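Please find below my notes on the model, set out as numbered points. They begin with the metal site and then move to the chain, the backbone and the sheet.

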Amino acid sequence: MTSTASAPYTSELAAALAPDVLERLLRYVRIDTQSDRAHAQSPSTPGQLELGRLLVGELRAIGLEDAALDANGFVTATLPGNVPDAPVIGLLAHIDTTPDESGHGVEPLVHPGYDGGAIALPRRDTVLDPERMPELSAKVGHDIVTSSGDTLLGADDKAGMAEVMAAVTYLAAHSELPRPTLRVGFTPDEEIGKGALAFDIEGFGAHCAYTFDGSEAGEFTDETFTAASADVTIHGIEVHPGQATGKLVNAARLAGRILAALPEDLTPESTSEREGFIHVYAVEATAGKATVRTIVRDFDDDLLAEHVELLRRIAEEVVASEPRARLQFESEHQYPNMRTYLGRHPQVSEAALEALRREGFEPKRVPVRGGTDGSILSARGLPTPNLFTGGHEYHSVREWASVQDMASAAAVAVRLAGVWAERAG
Ligand SMILES: [Zn+2]
């Protein structure tokens with residue numbers, strides 16, 4: 001096997017930040033912080049408090065004296081600015097990892113100088129195959145961090161956390177660099193959609209914030225899905241099949257006809273980029289009662305409403321064919337496209353794009369086919385777009401991150417402080 005020389009960093013700043021980012025990532029991923037949908041309290045799991053306490057200790061050690069962990073699992077701290085009248089800027093990452101794959105007993109591995117081939121992990125025969133991972137195949141020479149193959153890595157979002165910590169540590173040690181007051185926030189339970197709802201925006205006191213929770217280096221997101229749920233329930237009439245003649249109304253069969261009538265080209269598997277969809281994720285059906293549960297997504301509020309109406313119309317038409325059946329239709333808005341809110345504060349996105357350019361990136365503006373903490377925070381009044389972390393294959397045992405790209409993300413955070421410092425007054 002040939003060894004490959006390590007890929008260069010995007011800047012001297014990134015090279016200087018890399019060892020700290022990596023060391024922090026390796027430390028944070030060892031603490032199990034999986035969130036749990038079944039627990040209503042905040043945070044949903046005690047591991048998140050454990051990591052929160054560790055972070056508070058580290059923040060105080062670098063001089064952020066007000067670092068605190070609140071009872072709900074939120075960590076906040078302030079790095080005072082050194083230019084007058086600059087707006088207060090928030091840097092955010094989430095503490096929890098997804099409940100959908102094991103995050104217990106994570107043993108991270110570093111594969112220095114990636115040679116472009118498949119990476120075989122020691123457990124569960126897990127292989128990172130560059131043929132199926134175009135992002136990985138582009139990282140020849142990078143130092144790649146993985147799990148041991150039987151757990152998540154937890155780069156989502158401990159890479160983001162390590163980057164924010166490394167950036168703040170660097171700025172705290174380099175008071176000659178102009179910076180605004182920075183507010184650091186680490187939030188629990190993002191993966192179960194709760195953290196941002198409970199976040200104390202007023203207490204945080206920032207003009208705007210940035211989540212470090214994206215993926216590919218150079219990517220920036222100020223646009224997400226707008227999202228709704230829609231559940232169709234059909235009440236039929238259950239009768240013993242032996243005595244059913246002319247009496248039974250089969251809700252399960254009506255549900256089947258609704259499913260068959262949904263357009264083929266409006267599914268997650270047949271759409272991409274800016275196209276929306278109706279996703280049927282659960283069907284529970286007996287003759288007496290059937291429920292079709294869906295999530296509906298688009299980037300455009302009007303189109304989202306159209307998809308929900310389409311589902312309602314199809315359900316009404318099918319159920320109307322059987323007058324004795326009864327239809328119940330429930331739809332709820334879940335989260336908005338952050339663009340609606342960020343569009344009113346163009347300087348927030350512009351500052352991030354400028355920071356990316358200063359780190360040598362041609363920024364890629366990527367609409368996220370999902371939501372972020374920023375979707376909810378932006379709607380609640382804290383404009384919060386999302387920056388990359390350098391992690392990939394999230395929510396799987398194949399999750400990996402590039403040390404070079406994580407260092408770039410930390411460098412972007414440092415440069416972002418510089419951009420905002422110039423906007424003082
Ligand atoms: Zn995340």
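1. The site of the zinc ion is irregular, with angles of 52 to 150° among its 4 donor atoms. Four donors would count as tetrahedral if all angles lay between 85 and 135 degrees, four as square planar and six as octahedral if opposite donors were over 155 degrees apart and all others between 65 and 115, and anything else is irregular. The coordinating atoms come from His 94 (NE2), Asp 156 (OD) and Asp 213 (OD), the last of these listed twice, at 1.9 to 2.7 Å. Donors here are N, O and S atoms within 2.8 Å of the metal (3.2 Å for Na, K and Ca), and water is not among the atoms, so sites may look incomplete.

2. This is a predicted model, in which local features need pLDDT of at least 70 and side-chain atom pairs count only at pLDDT 80 or more, while totals for chains, interfaces and linings use all residues. Residues are numbered from 1 along each chain as its sequence is written, and side-chain values use heavy atoms, with hydrogens and water left out.

3. In sequence, the donor residues of the zinc ion follow the spacing H-x61-D-x56-D. Asp 156 lies in helix H4 (residues 155-173) and Asp 213 in the loop between strand S9 (208-212) and strand S10 (219-221), so this pair ties together parts that are 57 residues apart in sequence. Helices (H or I, at least four residues) and strands (E, at least two) are DSSP runs, numbered from the N terminus. Asp 156 is buried at 6% relative accessibility, and Asp 213 is buried as well, at 14%; buried means under 20% relative accessible area, exposed over 50%, and partly exposed in between (1.4 Å probe, protein chains only).

4. For the chain as a whole, the secondary structure comes to 12 helices and 18 strands. Its radius of gyration is 24 Å, close to the 22 Å that the globule rule gives for 425 residues, so the chain is as compact as a globular protein of that length. That radius is taken over C-alpha atoms, and the rule is 2.2 Å times the number of residues to the power 0.38. Buried residues make up 54% of the 425 residues, and the C-alpha trace spans about 85 × 55 × 40 Å along its principal axes.

5. Two cis peptide bonds deserve a look, since most peptide bonds are trans. The bond from Ser 42 to Pro 43 is cis, with omega near -5°, and Pro 43 sits in the loop between helix H1 (12-28) and helix H2 (46-61). Another cis bond joins the zinc ligand Asp 156 to Asp 157, with omega about 10°, and Asp 157 lies in helix H4.

6. Positive phi values also occur outside glycine. Arg 124, with phi near 55°, lies in the loop between strand S5 (119-120) and strand S6 (127-128) and counts as exposed at 52% relative accessibility. Asp 189, with phi of about 60°, lies in the loop between strand S8 (182-187) and helix H5 (195-198), but counts as buried at 2%.

7. An open sheet of 8 strands with mixed pairing has the order S1-S2-S8-S3-S9-S16-S10-S15. Strand S1 (68-69) and strand S15 (364-365) stand at the edges, each with a single partner, so one side of each is left without a neighbour in the sheet. S1 runs antiparallel to strand S2 (residues 75-79), joined by 2 bridges, where two strands pair if DSSP finds at least two bridges between them.
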